[in-house]
Amino acid sequence: LQIGGPFAPSVDPAECDAAQQVASKEAGNIDMYDLYRPVCLSSGDNAAHRLVRKIAEANPHSPYRVVRDVHDRVQQSARVGDTPADPCIDNWVSGYLNRPDVQAALHVNRRTLPPKFRWNICSDAVNYSQDSIARSMLPTYVQLFPYQLRILLYSGDVDSVVPFTSTRTWLGQLLTRSVNYRAWTINNQVGGRVEEYTDPTGRKVITFTTVRFAGHLAPATQPERS
């Protein structure tokens, strides 16, 4: 992906697709959202997997195709080991939030929903387009800077879907790194790495931190560090 733009037009789609297939094969049966967490064997074809496939099928050369291929193989053959984070948590959350008493407590207005509509972690009812999913957010950040907001960005460091390395790349192209990577700690243990970025006037505008051993949903996998 180009910084500030869609897929690089200079790359041959067939060559890019071949490279993605190799990467998908080499990745193996892992959870792309949390690389060190075992996969859930009982979830079947859940909403998150359907959403990834829907986006990938809209554009056969989408980078989401790699994620889709890995998800498909995960459902076919993987073994669950010991882990403090339940790999099947999506199942339990969906079941809980579809209970009538829970929806009543949350004041869910079901009158506007189809009779058999079920809430999902990642709904495939929304029509995500390839154009919108790959649109750069950099102009949005630029618009926010004059308001002198204190912006904190954070990433789990074992999330490969939105990897922290990519976030550091676009931050480095948009701003100036004023404070280099340094460790932050919690309970005398390293909780992650933190750095600061300034705008052309030298004003600090963004603090970026990683959360050690956290996945895509950092508070769910590392609540204390988050």
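Two strands are treated as paired if DSSP finds at least two bridges between them; the strands themselves (E, at least two residues) and the helices (H or I, at least four residues) are DSSP runs, numbered from the N terminus. The model is predicted, with pLDDT of at least 70 required for local features and 80 or more for side-chain atom pairs, whereas totals for chains, interfaces and linings use all residues. Residues are numbered from 1 along each chain as its sequence is written, and side-chain values rest on heavy atoms, with hydrogens and water left out.

**Overview of the fold.** The protein contains 9 helices and 4 strands. Along the sequence these elements follow the pattern α-α-α-α-α-α-α-β-α-β-β-β-α. Of its 226 residues, 33% count as buried, a label that denotes under 20% relative accessible area, with exposed meaning over 50% and partly exposed the range in between (1.4 Å probe, protein chains only). The exposed surface of the protein is about 14,100 Å², and carbon and sulfur atoms supply 55% of it; areas were computed by the Shrake-Rupley method with a 1.4 Å probe, and for residues only the protein chains shown count as cover. Among contacts (heavy atoms within 4.5 Å) between residues at least 6 apart in sequence, 61% join residues at least 24 apart.

**Strand β4 and its two partners, β1 and β3.** Strand β4 spans residues 204–211, and 7 of its 8 residues are buried. Strand β1 (residues 151–156) runs parallel to β4 and is joined to it by 6 bridges; within this pair, Gly156 stands opposite Val211. Strand β3 (residues 189–198) runs antiparallel to β4, with 5 bridges between them, and here Glu195 faces Phe208. The hairpin of β3 and β4 has 5 residues between the strands, and Gly202 takes a positive phi near 90° in it.

**Surroundings of Thr209.** Thr209 lies in strand β4 and counts as buried at 11% relative accessibility. The Thr209 side chain reaches the backbone oxygen of Arg193 at 3.0 Å. This is a polar contact, that is, a pair of N or O atoms within 3.5 Å in which, within protein, one atom must be able to donate a hydrogen and the other to accept it; residues adjacent in sequence count only if both atoms are side-chain atoms. Beyond its neighbours within four places in sequence, Thr209 is in contact with Leu152, Leu153, Tyr154, Ser155, Trp184, Arg193 and Val194.

**Salt bridge between Arg168 and Glu195.** The structure holds 8 salt bridges, each defined as a side-chain nitrogen of Lys or Arg within 4 Å of a carboxyl oxygen of Asp or Glu. In one of them, the side chains of Arg168 and Glu195 meet with an N to O distance of 2.9 Å. The pair links distant parts of the chain, 27 residues apart: Arg168 belongs to helix α8 (residues 164–174) and Glu195 to strand β3. Which of the two partners is buried, Arg168 or Glu195? Glu195 is buried, with a relative accessible area of 0%, while Arg168 is partly exposed at 23%.

**Glu196 with Arg182 and Lys204.** Glu196 forms a salt bridge with Arg182, the closest N and O atoms being 3.8 Å apart. Glu196 lies in strand β3 and Arg182 in strand β2, so this pair ties together parts that are 14 residues apart in sequence. Glu196 also meets the side chain of Lys204 in a salt bridge, at 3.6 Å from N to O. Glu196 is buried at 15% relative accessibility; Arg182 is partly exposed at 37%, and Lys204 is partly exposed at 43%. In another part of the model, salt bridges that share partners join Asp31, Asp34 and Arg37 into one network.

**Loop residues with positive phi: Asn187 and Phe213.** Most residues other than glycine have a negative phi. Asn187, although not a glycine, has a positive phi of about 55°. Asn187 sits in the loop between β2 (176–186) and β3 and is exposed, with a relative accessible area of 55%. Phe213, likewise a residue other than glycine, has a positive phi near 60°. Phe213 is located in the loop between β4 and α9 (218–221) and is partly exposed, with a relative accessible area of 44%.
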